[in-house]
Protein chains: 4
Amino acid sequence: MMETTRTIREGDFVTLLDPASGDAFTAKVVGGGSVNTGHGTVGLSELIGKRFGENIASNHGDELRILSANFSDKFLMIRRGPQIITLKDAALIGAFCGIQCGDVVVEGGSGSGAMTSFLANAVGSDGHVFSYDIRDDFFELARSNVKRLGLAERVTFKRADIYAGIEEKGVDAVILDVPEPWQVVGHAREALVPGGMFASYVPTVNQVEKFVEGLGEGFFPPHTFESILRDYKVRDGATRPEFQGLMHTGFITIVKKA
Amino acid sequence: MMETTRTIREGDFVTLLDPASGDAFTAKVVGGGSVNTGHGTVGLSELIGKRFGENIASNHGDELRILSANFSDKFLMIRRGPQIITLKDAALIGAFCGIQCGDVVVEGGSGSGAMTSFLANAVGSDGHVFSYDIRDDFFELARSNVKRLGLAERVTFKRADIYAGIEEKGVDAVILDVPEPWQVVGHAREALVPGGMFASYVPTVNQVEKFVEGLGEGFFPPHTFESILRDYKVRDGATRPEFQGLMHTGFITIVKKA
Amino acid sequence: MMETTRTIREGDFVTLLDPASGDAFTAKVVGGGSVNTGHGTVGLSELIGKRFGENIASNHGDELRILSANFSDKFLMIRRGPQIITLKDAALIGAFCGIQCGDVVVEGGSGSGAMTSFLANAVGSDGHVFSYDIRDDFFELARSNVKRLGLAERVTFKRADIYAGIEEKGVDAVILDVPEPWQVVGHAREALVPGGMFASYVPTVNQVEKFVEGLGEGFFPPHTFESILRDYKVRDGATRPEFQGLMHTGFITIVKKA
Amino acid sequence: MMETTRTIREGDFVTLLDPASGDAFTAKVVGGGSVNTGHGTVGLSELIGKRFGENIASNHGDELRILSANFSDKFLMIRRGPQIITLKDAALIGAFCGIQCGDVVVEGGSGSGAMTSFLANAVGSDGHVFSYDIRDDFFELARSNVKRLGLAERVTFKRADIYAGIEEKGVDAVILDVPEPWQVVGHAREALVPGGMFASYVPTVNQVEKFVEGLGEGFFPPHTFESILRDYKVRDGATRPEFQGLMHTGFITIVKKA
């Protein structure tokens, strides 16, 4: 039998739920800090020693329930600069590349740090992500988002141009969200282990075509796809897909080094 | 700098590539065994001590390249009994539930063991999966598939009816691929940590409706969606989506325990 | 050789294009009227006797080109009350029901008159549409839209409850956009010619199910489908699907009377 | 009140239904001919004078019900040579081009005659279709399909290269299903009435791009889209989309002459 409810420690992530409204807010427990939940402020150090499932009162007197936060909750904490990758696309890239605990992954570019965070979470504490970007603003945004999600130790940010080269060797995967992924083909081939995975995420068909043409020898036949997520409004006797939605995010190409 | 090409050890998974045809075959390195690749047989013990990227000759004289296999390669090793979950759906359930290294997950039913394997891979060596099924045939098939993928130590198979109860408590997620997921709602609520994730994967809209209606108090508002993966044929100047494809797999509902 | 550019007559529909902005405005030519195009006002009687392809000056001095309008232009003139059917769904219902010049069609309900207008256009001057509605507001809106599109002579509006019965017999098709189409099954069976077509357009899966269950004997196996239209942004070297779009409009069921 | 069941005449199209199996077979009533329905042979001249809804016995003794056939039934009579356009795409092209009774349309190429037949049906007995093709085999196939559907009088087949020119002037629409639609842009501009509609149907994104780039001045901004039709299996309590389906047919671009 597992320990059902351990006490909260500094460094834990919690989701605070206002049961009346259904509003939820995710934060990291750090001594001395406080968090504004939209239903009043909670001192984070007050959470330490409580158990998941217990309540805590905000300064407005609202009773908030303290819940365990997982990565899908933390993903909502990412602050947006450039268009961030959706969780569905990050998930599909991760799964089709077989990213798992202990992997070493190179990413270019860092963007807002959303894909960086996803990868850093997926490789676990034994893995590592090397993330390249040349734009100062993205660089800082990605760094602060990864830090906010408590994943800074698993990521090495490199202010460098991935089109010019990849320093790491023997990596498990190279994952790109850059405008000209074909410029990285040769560098990825050298960086990857034999059998390593190479992925590109781009918005236009033309970028897909150039990337696939540019692969040349040294890779398995590529798999290019897009995914559409369709949300449903589920009501007893009145269930239907939602009317509006994201018809397109990006094209994913996955290829294994031969 | 990382170790670029370590020597192959017993227990490693390798993908053997015939560069001429592009055919690839994934297998686990076990002393004494051999594998029929479609391009001749290779003695698995001969692989031990070689490096990834080197070649090995089959008994047909074909030179096969030895590549590192990742989970997306291993997923293809699963032998099919009942309809197995697609990798895309497993990936989306995993990501939207925030499954990560170290998690403890309950699964019902085991089916062919495809989702079991995905979860066992995702939770890493520190996590664990408890998988329920009552059908003898599925039970054995799932067990053998999970073993084939080298994940047996991370999974406890339970020949038990998940509609009747879940023994584990304090689990991070309960993930269902059963015909009547609404029968598991109360059991999941008790088994999950506060903030734990509950997912259902079903083929029909009616099952979605009954599951969502059955959730009642104690959960966040559910998120129901389906995903469509659309493959592309990418050719210079002649790129288009593939004509035929999987128009439907299943509906996924994800909900967080309040 | 056909007559290439005839002169404009009262009753013609014209699309006035501002070539500088690309803005276009469709109107019916009626003596004495005027139209505000967004680029100034044009007296409609001034158009009479001009030829398609010529210009006319608005009172703002903008030169507007006079173009022939077709039904897809006129469809944009429909004023919206209740959610109107999309042109794509109207087109698919029309085609799968085989609606053509000369057909006699019963429609329920009239709604905003968008489907009514589509059908009235499709059946031509030799066909006829009988359109049922019980709501006064829809009734008036549909009537005014059909009149605006110059199709009033082809439509008989009936302020009557189609759930209670259909007076016409020997009709080619019965087309429904009502909340409870299953209430019309028996009436449609009596109204249709042998081999006539019966269509239902509903937003939810549950309505589809009730309709299909309700068909009973007397019909071919039904064909239920939905369509998704995906717009593309086409740019030299930067072509992609549009990001946002209509993920769902309605489910169409088409069935032939046996 | 309309005539509910008139007697069948030579030239009518009938759908013969075997009520036991649900099989249906559509044919044209021509004196002297006979038709093999799969449930025995029926002499077509025996149908003359009967009423829709009555039965006729095949030479196997099966009682077949005589039903009115509409264009969606006739569309299934088309014999396939090259890939034929789907009814959904024909319907969308027709509707977004505003094709209606009385229109004059140019089509290139004739292909199997499926789009030709759709257009010939839509323009009615007062309209006309000019269909260009240079391949002898398609030319003959299209001609025989259009004749089989009873639409020969509405179509002029031209064994000519539409890339080299369009002879007709003042036409309402030019509709293309050719590999290089951009070669027809100038010819279409000259052939169309001011405000006339120009459509292209192609399988690849690259053809879309070249066509749209080639439009140049003289047209409204183009509308490019694709449509996905998703069939449903509707069963009481077990409704879901069909698993397999057509993920892609072609890209449609519609543009109005300025």
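Which are the buried residues of α2(D)? The exercises below treat this and related points in a predicted model.

**Exercise 1. Identify the buried residues of α2(D) and state how far the helix is enclosed.**

Solution. Step 1: a residue is called buried when its relative accessible area is under 20%. Step 2: the residues of α2(D) that meet this criterion are Leu87(D), Lys88(D), Asp89(D), Ala90(D), Ala91(D), Leu92(D), Ile93(D), Gly94(D), Ala95(D) and Phe96(D). Step 3: helix α2 of chain D spans residues 87-96, and 10 of its 10 residues are buried, so the helix is largely enclosed by the rest of the structure. Step 4: after α2(D) comes Gly98(D), which has a positive phi, near 65°.

**Exercise 2. Examine helix α2 of chain C and the residue that follows this helix.**

Solution. Step 1: α2(C), residues 87-96, is mostly covered, with 10 of its 10 residues buried. Step 2: among them are Leu87(C), Leu92(C), Ile93(C) and Phe96(C), and also Lys88(C) and Asp89(C). Step 3: Gly98(C) follows α2(C) and has a positive phi, near 65°.

**Exercise 3. Determine how chain D is related to chain B.**

Solution. Step 1: in general, two copies of a chain are related by a rotation about an axis and a shift along it. Step 2: a turn of 180° with a shift of 0.0 Å along the axis lays chain D on chain B, with an RMSD of 0.0 Å. Step 3: the two copies are therefore related as by a two-fold rotation axis. Step 4: the residue of chain D that comes closest to the rotation axis is Gly245(D), whose C-alpha lies at 3.0 Å.

**Exercise 4. Describe the interface of chain D and chain B.**

Solution. Step 1: the contact involves 22 residues of chain D and 22 residues of chain B. Step 2: about 1,900 Å² is buried between the two chains, and 59% of this area is on carbon and sulfur atoms. Step 3: Arg230(D), Phe243(D) and Met247(D) provide 35% of the area that chain D buries against chain B, more than any other three residues. Step 4: two salt bridges are found across this interface. Glu226(D) forms a salt bridge with Arg230(B), and their closest N and O atoms are 2.5 Å apart. Step 5: 100% of the interface residues of chain D are also interface residues in chain B, so the copies meet through the same surface.

**Exercise 5. Determine how chain C is related to chain D.**

Solution. Step 1: chain C is superposed on chain D by a rotation of 180° with 0.0 Å of shift along its axis, and the RMSD is 0.0 Å. Step 2: both copies use the same surface, as 100% of the contact residues of chain C recur in chain D.

**Exercise 6. Give the strand order of the open four-stranded sheet in chain A and state which strands stand at its edges.**

Solution. Step 1: chain A has six helices and 15 strands. Step 2: the order in this open sheet is β2-β1-β6-β5, with antiparallel pairing. Step 3: β2 (24-28) and β5 (55-57) each have a single partner strand and stand at the edges, so one side of each is left without a neighbour in the sheet. Step 4: on average, neighbouring strands of this sheet are turned by 35° against each other, direction ignored. Step 5: three bridges pair β5(A) with β6(A), residues 63-68, in the antiparallel sense. Within β6(A), Glu63(A) is the bridge partner of Ala57(A).

**Exercise 7. Decide whether strand β11 of chain C is enclosed or open, and describe its pairing with β10(C).**

Solution. Step 1: β11(C) covers residues 192-202, and 11 of these 11 residues are buried, so the strand is largely enclosed by the rest of the structure. Step 2: β10(C), residues 171-176, runs parallel to β11(C) and is joined to β11(C) by five bridges. Step 3: Met197(C) in β11(C) is the bridge partner of Ala173(C).

**Exercise 8. Locate Ile84(B) and describe its surroundings.**

Solution. Step 1: Ile84(B) lies in the loop between α1 (71-74) and α2 (87-96) of chain B. Step 2: the relative accessible area of Ile84(B) is 11%, and the residue is therefore buried. Step 3: apart from neighbours within four places in sequence, Ile84(B) is in contact with Ile78(B), Ser112(B) and Ala114(B). Step 4: Asp62(B) is 22 residues away along the chain, and its C-alpha atom is separated from that of Ile84(B) by 33 Å.

Key:
Residues numbered from 1 in each chain as written. Chains lettered and ligands numbered in written order. Predicted model: local features only at pLDDT ≥ 70, side-chain atom pairs only at ≥ 80, totals over all residues. Heavy atoms only, no water. Least-squares fit on C-alpha atoms with pLDDT ≥ 70 in both. Contact = heavy atoms within 4.5 Å. Buried < 20%, exposed > 50% of the residue type's maximum accessible area, 1.4 Å probe, protein only. Helix = DSSP H or I, 4+ residues; strand = E, 2+ residues; numbered from the N terminus. Pairing = 2+ DSSP bridges. Axes fitted to C-alpha atoms, helices over the stretch in contact; angles between N-to-C directions. Buried area = accessible area lost by both parts, 1.4 Å probe. Salt bridge = Lys/Arg side-chain N within 4 Å of Asp/Glu carboxyl O.
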